[in-house]
Amino acid sequence: MVSRVIPVEPFDLVIFGGTGDLARRKILPGLFRRFLAGQMTPDSRIIGAARADLDAQGYRDMIRQGIAEFGGPESTDGDGLAQFLARLDYVSIDATGEAGWQQLSGLMRPGVIRAFYFSVAPALFGALAERLHQHGIADPDSRIVVEKPFGRDLDSARALNHTLAEHFREGQIYRIDHYLGKETVQNLMAVRFGNILFEPLWNHHYVDHIQITVAETVGVEGRGGYYDKSGAMRDMVQNHLMQLLCLIAMEPPSLFEAGAVRDEKLKVIRALKPIAAHHIVRGQYDSNGDGPSYREEADNPRSFTESFIALRAEIANWRWAGVPFYLRTGKKLRARHSEIAVVFKDLPHSIFEGDEKRHRNILSIRLQPNEGIDLQVTIKEPGPGGMRLIDRPLDMTFATALGEEAAEAPDAYERLIMDVIRGNQTLFMRGDEVEAAWAWTDPIIAGWERRNDVPKLYDPGTSGPDDSLMLLHREGRRWREIRG
Ligand code: NAD
């Protein structure tokens, strides 16, 4: 069964930073796939805008290489690629100066959707917004897409919101969090709100706790300079893990629509309790002889930045009173593994004599690898010998359950860019959400700075520092295994 693709309206998409790593690795290969799928129609155009002195042909050559390297199996479609590259143009531009802006203005077509992707350092967002207006390039329906990081604390996020608001309405601003574009994350909402089965159990009466894990095997590598000023809390928890937490914990919105969904997410963030210091474990990877330590990679021998964090959060509302949300993310861990697990409570009474083992229903939503959802249920072990119980997953790995359709699903970036063109902000963060998330993380980070908190060292290839295990052990719980 082949999925139905609805083409989006014709657009002019300008990618500021169009020669950068993100554009070459994700944005353009993604757009190429949408072109091949027929979602981006041939009357749309993509204009790269960056500092490099290139002409349109030079840019097409650069993107051809990018697609060959990062584009996956589709990159061999020679005809499709030639047609796609013909839709590309390029302007050499200075975000903070005057060069290139007149030329860009001359390239924009009337009567098509205009979108501007700010795939540059956040310090340039204000200058871009201002010049788009000065030169009359942005019209009242234009959209801007802004990349992470959106600020590094509440003050800087507020300042950034303020700067963008000088030139664009909130309805024109698309703050990207690519986790929200993942198929499974959207499926989480389909499972929660499309089935009668789960919602009645989705509260403190039936849920024991929730675990959210985003584990990576890579270190900071070439990004050490940026990462060392950021750390796992700012780079992952404040945005990606927070967004996952919101989708798990929010009340059912009245409609699957941007305003309603984002209102409910905001309520969750605002209901997060402040965290006590002993409910957070920070870690930093050491060297195990094979590879460099974090400090070596970040080129900062005295760095106290965390490459791992585990924490226990609580949401102060009726639905979730007393239910711990354990969040954990880190680099150089045992496997590349991201999942959300909803661990339900024990049975109030077991009728099966001699069955001492604790059986628990666990709903696990896997983001990677093998995107899918499974529900651990207790069944009878087959065969004679009485009533012995075992736990087995009802497995819905998308690739197996949905076959070709799952394989064809757009990746996060492509889906989100198409949403920008459709004018659908449901899967983007609103300004007040981002600020509320910083308002929660700021005091935590300030506490570390005040105490000169030193992260615990951990060996690469493990599950992080032992203290992270203790975070759950002391409450009679355990982390789910990190496995690839
Ligand atoms: P990069 O350094 O590879 O590219 C930067 C781009 O900005 C280049 O095209 C450069 O020409 C352009 N640029 C720089 N100064 C300019 C100026 N004054 N005027 C015009 N253009 C200018 O950066 P990147 O890795 O592609 O990241 C871009 C943005 O995306 C950043 O905000 C980053 O935080 C974010 N981001 C990147 C990734 C990633 O995987 N690379 C992931 C998430 C978010």
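How many cavities of 30 Å³ or more does a search of the whole structure find? The search finds one. This is a predicted model. The protein is divided into two parts: domain 1 covers 11-147, and domain 2 covers 180-410 + 425-473. The briefing below takes the domains, the ligand, the cavity, a pocket and some backbone details in turn.

**Domains**

- Domain 1 is one stretch of the chain, residues 11-147.
- Domain 2 is written as two stretches, 180-410 and 425-473.
- The centres of domain 1 and domain 2, taken over C-alpha atoms, are separated by 34 Å.

**The ligand and its shell**

- There are 20 residues around the ligand.
- Those that come nearest are Thr19, Asp21, Arg25, Ala95 and Val120.
- By class, this shell has nine nonpolar residues, five polar ones and six charged ones.
- Helix H1 (residues 21-36) gives the largest share of the shell, with three residues.

**Contacts with the ligand**

- The side chain of Arg25 has an N or O atom 2.5 Å from an oxygen atom of the ligand.
- Arg51 takes part through its backbone: an N or O atom there lies 3.2 Å from an oxygen atom of the ligand.
- Ala95 also uses its backbone, where a polar atom is 2.8 Å from a nitrogen atom of the ligand.
- On its own, the ligand has 830 Å² of accessible area, and the protein covers 74% of it.

**The largest cavity**

- The largest cavity has a volume of about 50 Å³.
- Which residues line the largest cavity? They are Lys148, Pro149, Phe150, Gly151, Gln238, Asn239, Met429, Val434 and Trp438.
- Two helices, H9 (231-249) and H15 (431-451), each supply at least two residues of this lining.
- By class, the lining has five nonpolar, three polar and one charged residues.

**The second largest pocket**

- The second largest pocket has a volume of about 670 Å³.
- It is lined by 24 residues, and Ile362, Arg478, Trp479, Arg480 and Glu481 are the closest to its centre.
- Three elements give two or more residues to the lining: strand S7 (207-215), strand S14 (389-397) and helix H16 (466-473).
- H16 makes the largest share of this lining, with three residues.
- Sorted by class, the lining of this pocket has 12 charged residues, six polar ones and six nonpolar ones.

**Backbone details**

- Most peptide bonds are trans, and most residues other than glycine have a negative phi. The residues below depart from these habits in one way or the other.
- The peptide bond from Lys148 to Pro149 is cis, with omega near 0°.
- Pro149 sits in the loop between strand S5 (143-146) and helix H6 (154-165). Both Lys148 and Pro149 also belong to the lining of the largest cavity.
- A cis peptide bond also runs from Gln368 to Pro369, with omega near -10°.
- Where is Pro369 found? It lies in the loop between strand S12 (362-368) and strand S13 (372-380).
- Glu221 is not a glycine, yet it has a positive phi of about 45°.
- Glu221 is in the loop between S7 and helix H8 (224-228). Strand S7 is also one of the elements that help line the second largest pocket.

Definitions and conventions: Residues numbered from 1 in each chain as written. Predicted model: local features only at pLDDT ≥ 70, side-chain atom pairs only at ≥ 80, totals over all residues. Heavy atoms only, no water. Domains from an automatic or database assignment. Near = heavy atom within 4 Å. Polar contact = N/O pair within 3.5 Å; in protein donor to acceptor, adjacent residues only side chain to side chain. Areas by Shrake-Rupley, 256 points an atom, 1.4 Å probe, with all protein chains shown as cover. Helix = DSSP H or I, 4+ residues; strand = E, 2+ residues; numbered from the N terminus. Nonpolar A, V, L, I, M, F, W, Y, C, P; charged D, E, K, R; others polar. 1 Å grid on protein atoms, 1.4 Å probe; cavity = no way out; pocket = protein on both sides within 12 Å on 5 of 7 lines; lining within 4 Å. Points joined across faces, edges and corners; volume = space filled by probe spheres on them.
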